[in-house]
Amino acid sequence: VEEIDFLAAIPFGGDDFALDISDVLAPRYKIPVVLFRKVETADDTKNFAPRGRRDRAILSGSATGVIIDDVTNEFTSLVGMISVPELAGIDLTACSGWHRGDPEIMPPIDVYSVVEEHIPRQLPEDSPYWQYVQPTS
């Protein structure tokens with residue numbers, strides 16, 4: 001933890017998660033959270049940019065960071081994040097609360113997830129996950 005210069009939150013699910021992690025670590029470690037905004041593109045790729053001057057200033061003097069996301073599937077948001085020009089040259093790792101994507105899809109950088117459980121996009125009829133689906137009226 002002492003070697004982490006910042007936590008980078010993937011919008012929007014990672015924002016609160018990263019802020020909560022920073023708050024928990026705050027009594028002992030002062031790790032700032034860098035917030036990002038989504039950048040609209042014509043081809044629907046996931047692109048991000050630092051939200052403000054404070055965020056860019058933190059990145060400019062940093063060597064290491066942890067990208068935070070709430071849920072990962074196919075790592076498209078993570079690919080978008082590591083493509084942010086301000087993150088070039090920074091040693092990055094990622095953390096997610098839950099990786100529910102296909103375990104065969106490899107992330108572009110190391111990702112540590114609290115829960116790793118694959119849920120297919122199309123649930124079979126006998127899937128135990130149907131118990132969590134709310135009926136629509």
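This is a chat about the sheet, helices, odd backbone spots and salt bridges of a predicted model.

User: Before we start, what kind of model is this, and how are residues numbered?
Analyst: It's a predicted model, where local features need pLDDT of at least 70 and side-chain atom pairs count only at pLDDT 80 or more, while totals for chains, interfaces and linings use all residues. Residues are numbered from 1 along each chain as its sequence is written, and side-chain values use heavy atoms, with hydrogens and water left out.

User: Ok, the sheet. What's the strand order?
Analyst: E3-E2-E1-E4-E5-E6, an open sheet of 6 strands with mixed pairing. Strands here are DSSP runs (E, at least two residues) and helices are too (H or I, at least four), numbered from the N terminus. Two strands pair if DSSP finds at least two bridges between them.

User: Which strands stand at the edges?
Analyst: E3 (47-50) and E6 (111-116). Each has a single partner strand, so one side of each is left without a neighbour in the sheet. The twist from one strand to the next averages 25°; angles run from 0 to 180 degrees between N-to-C directions, and axes are lines fitted to C-alpha atoms, for helices over the stretch in contact.

User: How do E1 and E4 run, parallel or antiparallel?
Analyst: Parallel, with 4 bridges joining E1 (residues 6-9) to E4 (residues 64-72). Leu7 has Val66 in E4 as its bridge partner.

User: Which helices pack on the sheet?
Analyst: H1 (residues 13-25) touches E1, E2 (33-39), E4 and E5 (91-99), and its direction makes about 125° with that of E4. H2 (residues 53-60) packs on the sheet as well, touching E1, E2 and E3, at about 120° to the direction of E2. Contact means heavy atoms within 4.5 Å.

User: Which residues of H2 are buried?
Analyst: Asp55, Ile58 and Leu59. Buried means under 20% relative accessible area, exposed over 50%, and partly exposed in between, with a 1.4 Å probe and protein chains only. Those buried residues cover an arc of only 95° around the axis, which puts them on the same side of H2. The arc is that of the directions from the helix axis to the C-beta atoms.

User: And what do they pack against? What's on the other side?
Analyst: The buried residues of H2 pack against E1, E2 and E3. On the other side, Arg53 and Ser60 are exposed.

User: Switching topic: where's the cis peptide bond?
Analyst: From Pro11 to Phe12, with omega near -5°. Phe12 is in the loop between E1 and H1. For context, most peptide bonds are trans, and most residues other than glycine have a negative phi.

User: Which non-glycine residues have a positive phi, then?
Analyst: Asp44, at about 65°, and Phe75, near 65°. Asp44 lies in the loop between E2 and E3, and Phe75 in the loop between E4 and H3 (76-82).

User: Buried or exposed?
Analyst: Asp44 is exposed, with a relative accessible area of 69%, whereas Phe75 is buried at 6%.

User: Last one: how many salt bridges?
Analyst: There are 2, counting a side-chain nitrogen of Lys or Arg within 4 Å of a carboxyl oxygen of Asp or Glu. Asp15 pairs with Arg51, the closest N and O atoms being 2.6 Å apart. That pair links distant parts of the chain, 36 residues apart: Asp15 is in H1 and Arg51 in the loop between E3 and H2.

User: And the other one, which residues?
Analyst: Asp55 and Arg54, with closest N and O atoms 3.0 Å apart. Asp55 counts as buried at 7% relative accessibility, while Arg54 is partly exposed at 47%.
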